[in-house]
Structure formats: structure tokens, C-alpha cells
Amino acid sequence: WGELVALGPECKGVEGMYLNAGSMAGAGGSTQPVSLMAVLNFPGEAKTVSLNTNTRRVDQNGDTFITLQVVADGDTTVLREREGCFCVKQTLVCTQISEQYWSIPNFGLGGSQSNAYFAISRDRTLIAKLQNYHADVVLGVPIFGMKEPWVRFKNADQSELPHPR
């Protein structure tokens, strides 16, 4: 998928327009479709998704607390913001993208959470490592699971370029 490059201070390197339709790497080299809007847990379909970072504050280590601004198909009237994002060592981390908890008295309890770690490849493709995990306790037995698939979304500005033959 290409060599990853640093996102720079405050992860400004992630800013740009990407195709909403991406691909998720599966076992054995297979791929399946995935949408950037779904990864960010926002409803709606779009052809393109624009990402911008909004710096909230910078800590003493140089890590940044940000919100990720998301605009579908260039319609700025429907700006969405993903809270819980950080720029840590020039990697964009969005935590608690989705959370679910459950409890049934005398039976069990549990929860799940999704996080995403974003980077850019040298060809401006958006690469994300998704972290989906769950922890449950059923009849006193702990159960833990985690999936960490990788996804990519092409840069929309470059998707219109003709491919060399």
C-alpha cells in the first residue's frame, strides 16, 4: 500500500479529500469494500470525504488534542466533527469511535469499542489501522477478542488521473 510518511505537527498532513469507498485487507490477501464514513461512525453515503484537523490544545510533549472535521461531498453545511482524536508522534488517533455496553443480571456483562489510527502513504492514500475489541464476562468466564484490520482510501484529487499503461 505504499510507504507511510509522517503527518507532521498537529497531523495537518492528513488534511485532504478522499474517496469514501475504500478497501479493507482481509486474511490471505483478500479485500472487501468499506466506507470512510462508516469507519468514522457517521451516517450517510458520499463519493468523497474531506478531512481537516481542528487543534484544541498541544501538551508539553508536543502531542495535540484535536477534533477531526468531516465533510461529505464538499457540502460544508453538513460538517461533522469526530471528538476524541489526538496527534501522537505524528499519527492521528481517534478513540472511542463507537462504544457499546450490555448487561444481563446474573448472566453477564460486556462492552466493545472501536478506535482508528490514521496515516498517509507517499502517494497521498489514507491508510487506517482499525482496532475493534470487546470484553465480556459470561457466567463468570472472561472473554476477550480483538480485530485489527487495515483499510485504505484513495486521495480524491488523484483518483481522476489517468493510470499509466
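The following dialogue goes through several features of a predicted model, moving from the whole chain to single residues.

Colleague: Before looking at details, how many helices and strands are there in the chain, and in what order do the elements run from the N terminus on?

Modeller: Bear in mind that this is a predicted model. The chain holds two helices and 12 strands, and from the N terminus on its elements run β-β-β-β-α-β-β-β-β-β-β-β-β-α. Along the principal axes, the C-alpha trace spans about 60 × 45 × 35 Å.

Colleague: What share of the residues in the chain is buried, and what share of the contacts with a separation of 6 or more comes from residues 24 or more positions apart?

Modeller: Of the 165 residues, 38% are buried, while pairs that are 24 or more positions apart make up 50% of the contacts with a separation of 6 or more. The chain exposes about 9700 Å², and 54% of that area is supplied by carbon and sulfur atoms. As for charge, there are 14 positive and 16 negative side chains, the centres of the two sets lying 5 Å apart.

Colleague: Turning to the strands, which ones pair with strand 5, and in what sense?

Modeller: Strand 5, residues 48-58, pairs with strand 2, residues 16-19, in the antiparallel sense over four bridges, and Leu19 has Thr48 as its bridge partner there. Strand 5 also pairs in the antiparallel sense with strand 6, residues 64-72, this time over nine bridges, with Val58 standing opposite Thr64. In the hairpin of strand 5 and strand 6, five residues lie between the strands, and Gly62 takes a positive phi near 90°.

Colleague: How should I read a positive phi in a residue other than glycine, and where does the chain have one?

Modeller: The general idea is that most residues other than glycine have a negative phi. In this chain, Asp73 has a positive phi near 50° and is located in the loop between strand 6 and strand 7. Gln96 also has a positive phi, of about 50°, but its place is in strand 8.

Colleague: Why do Asp73 and Gln96 count as partly exposed?

Modeller: The class runs from 20% to 50% relative accessible area; Asp73 has 44% and therefore belongs to it, and Gln96 is partly exposed because its relative accessibility is 45%.

Colleague: Which residues touch the most other members of the largest nonpolar core, and which element gives the most to it?

Modeller: That core has 31 residues, of which Leu36, Leu51, Leu92, Phe118 and Leu126 touch the most other members. Among the elements that give two or more residues to this core are helix 1, strand 5, strand 8 and strand 12, and strand 6 gives the most, with four residues. If one sets aside neighbours within four places in sequence, the contacts of Leu92 include Leu7, Val14, Ile66, Leu68, Phe86 and Phe118.

Colleague: Lastly, Asn20 is in the loop between strand 2 and strand 3; is Asn20 buried or exposed?

Modeller: Asn20 is buried, because its relative accessibility is 2%, which is under the 20% cut-off. Not counting residues up to four places away in sequence, Asn20 touches Val34, Leu36, Lys47, Thr48 and Phe153, among others. By contrast, Pro142 is 122 residues from Asn20 along the chain, and the C-alpha atoms of the two are separated by 37 Å.

Technical notes:
Residues numbered from 1 in each chain as written. Predicted model: local features only at pLDDT ≥ 70, side-chain atom pairs only at ≥ 80, totals over all residues. Heavy atoms only, no water. Pairing = 2+ DSSP bridges. Core = buried A, V, L, I, M, F, W, Y, C linked by side-chain atoms within 4.5 Å. Buried < 20%, exposed > 50% of the residue type's maximum accessible area, 1.4 Å probe, protein only. Contact = heavy atoms within 4.5 Å. Areas by Shrake-Rupley, 256 points an atom, 1.4 Å probe, with all protein chains shown as cover. Lys, Arg positive; Asp, Glu negative; His and termini not counted. Charge placed at Lys NZ, Arg CZ, Asp CG, Glu CD.
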